[in-house]
Amino acid sequence: MRATSLLLILLINCVICTKSIYEISQNEYGKTVLQAIQLTLNEEPSSFGKTIDLLQELKKGIQNDQDEDTGLLSERLETCETHISQNSQTILDSQTKLAQAQEQVSPLEQKLLDKRHQAEDKEGEEQRNNDRINKLIQQRQESRQQFESKRDELTSIVGALSEAKKIIGSIKTDPTALIQLKNHKENILNQIQKSSMFYTLIHSTLSLIQQGTSQEKVIRIIDDLIDEVYQVQKLEMIADDQREADFVKTKIRYEFANTRLNTKIAELRADVQQQQQLLLELNNNIAIYQDLVNLKTKENADWQQSCNDAQNSHNGLTDYRSQQIIIIDECISLLQGHDPEITQFIQKFV
């Protein structure tokens with residue numbers, strides 16, 4: 001009877017052992033632990049104590065990790081609270097300054113408007129003079145460009161006529177000189193506007209060779225033509241100098257008028273600029289205060305979210321580690337029975 005009772009107790013223990021191992025094996029971490037136990041017991045079947053020590057060390061490591069994370073979380077939450085408190089004070093101070101600055105905007109804008117109206121009449125007259133000066137400058141630039149274009153054309157004509165003289169001088173010794181002269185004449189005429197007073201003269205002069213006129217006479221005619229070009233250049237320069245003098249005189253007259261106007265409107269303009277600067281600085285301060293309120297509000301939300309995430313992450317890890325410790329405790333409990341058949345039970349479910 002006693003033997004039967006012992007056998008029954010052993011059978012019940014085996015069933016309980018088998019059930020516990022099965023439940024542990026349904027957990028991924030539990031399966032890993034069982035595999036480690038199986039490997040250890042396969043190497044040393046009787047080393048239950050050593051395996052239990054290893055599990056106790058593993059449990060201790062998990063608890064240490066949990067304690068360390070709990071300490072880090074406390075520091076994190078304290079940091080969050082400090083930053084949120086500081087930011088909240090900054091928000092309060094900035095909102096006060098923002099309200100004060102906004103109250104100053106309307107009176108300052110009205111003062112600026114009054115000063116601007118007082119200055120507009122005088123500034124309008126100054127602007128009309130500036131428009132006259134700008135138009136005068138534009139006209140002078142156009143006339144200067146026309147003069148430079150004409151000067152360049154005349155300089156080009158002189159160079160081309162000088163080259164024509166060389167070609168004509170080589171007619172007696174160079175059989176291709178007449179062909180060169182013909183091509184050179186065409187090039188010159190292509191570069192000169194037909195409306196130019198020299199177009200017909202150059203065409204007629206360089207055609208004299210083909211009409212039988214002597215080289216010496218044609219060269220003399222070209223020299224006279226070059227002198228005429230120089231004379232025209234001189235007259236053009238004199239005319240442009242006069243235009244420059246008239247331009248400078250008229251421009252100075254307008255500028256002198258503006259100088260007198262500037263004296264009258266200087267005080268008003270300075271007042272307008274001062275009020276504009278004050279208003280600009282005030283609006284900049286308003287924008288800064290508003291940006292600061294928005295920034296610190298967002299920072300507080302970010303800090304709060306960060307701390308919530310840290311707390312949730314910590315809670316999740318705590319639950320996971322608690323499950324790990326429960327599994328390890330169950331494994332230790334199984335091993336403490338020193339049942340040599342436990343390896344076989346583990347093998348069934350791993």
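1. A charge is taken to sit over a ring when NZ of Lys or CZ of Arg is within 6 Å of the ring centre and within 35 degrees of the ring normal. In this predicted model, R253 and Y254 meet that description, with the charged end of R253 placed over the ring of Y254 at 4.9 Å from its centre. Aromatic rings do not pair with one another here, since a search of the whole structure returns 0 aromatic pairs.

2. On the overall fold, the protein chain has 7 helices and 0 strands, and the order of its elements from the N terminus on is accordingly α-α-α-α-α-α-α. Two of these helices recur throughout this note, namely α3, which covers residues 48-169, and α6, which covers residues 215-335. Of the 350 residues in the protein chain, 31% are buried. Among contacts between residues at least 6 apart in sequence, 81% join residues that are at least 24 apart.

3. What does the UniProt record say about residues 258-292, and what does the model show there? The record, an unreviewed entry, carries the annotation "coiled-coil region" for residues 258-292. Over that stretch the model is 100% helix and 0% strand, and the C-alpha atoms at its two ends are 46 Å apart.

4. The count of salt bridges comes to 15. One of them joins the side chains of D329 and K59, with a distance of 2.8 Å from N to O. Because D329 belongs to helix α6 and K59 to helix α3, this pair ties together parts of the chain that are 270 residues apart in sequence. Both partners fall in the intermediate class of accessibility: D329 is partly exposed at 31% relative accessibility, and K59 is partly exposed with a relative accessible area of 25%.

5. Other salt bridges are formed within a single helix. In α6, the side chains of E255 and K251 meet at 2.5 Å, N to O, and these two residues are 4 residues apart, or about one helical turn. E255 is partly exposed at 32% relative accessibility, as is K251, for which the relative accessible area is 22%. Elsewhere, salt bridges that share partners join R140, R144, E148, D240, R243 and E244 into one network.

6. Buried or exposed: which describes the salt-bridge partners K150 and E153? Both are buried, and the closest N and O atoms of this bridge are 3.8 Å apart, a separation that comes within the 4 Å cut-off used for salt bridges. K150 and E153 both lie in helix α3, 3 residues apart, which is about one turn of the helix.

7. L136 offers a view of the contact between α3 and α6. This residue is located in helix α3 and is buried, with a relative accessible area of 14%. Leaving aside neighbours within four places in sequence, L136 is in contact with F247, T250 and K251. The C-alpha atoms of L136 and K251 are separated by 7.3 Å, although the two residues are 115 residues apart along the chain. K251 is also the partner of E255 in the salt bridge described under point 5.

8. R321 deserves a separate remark, as a charged residue placed in helix α6. R321 is buried, because its relative accessible area of 12% is under the 20% limit for that class. Not counting residues up to four places away in sequence, R321 touches I62, D65, Q66 and D69.

9. In soluble globular proteins, nonpolar side chains tend to be buried together. In this model the largest nonpolar core has 21 residues, and the members that touch the most other members are I157, L161, I168, I202 and I222. Helices α3, α4 (177-191) and α6 each supply at least two residues of this core, and α3 gives the most to it, with 8 residues. Apart from this core lies another, of 17 residues, with I24, I37, L334 and L335 among them.

Key:
Residues numbered from 1 in each chain as written. Predicted model: local features only at pLDDT ≥ 70, side-chain atom pairs only at ≥ 80, totals over all residues. Heavy atoms only, no water. Buried < 20%, exposed > 50% of the residue type's maximum accessible area, 1.4 Å probe, protein only. UniProt positions renumbered as here; feature names shortened; annotations may be inferred. Core = buried A, V, L, I, M, F, W, Y, C linked by side-chain atoms within 4.5 Å. Phe/Tyr/Trp six-rings, centres within 6.5 Å; stacked < 30°, edge-to-face > 60°. Contact = heavy atoms within 4.5 Å.
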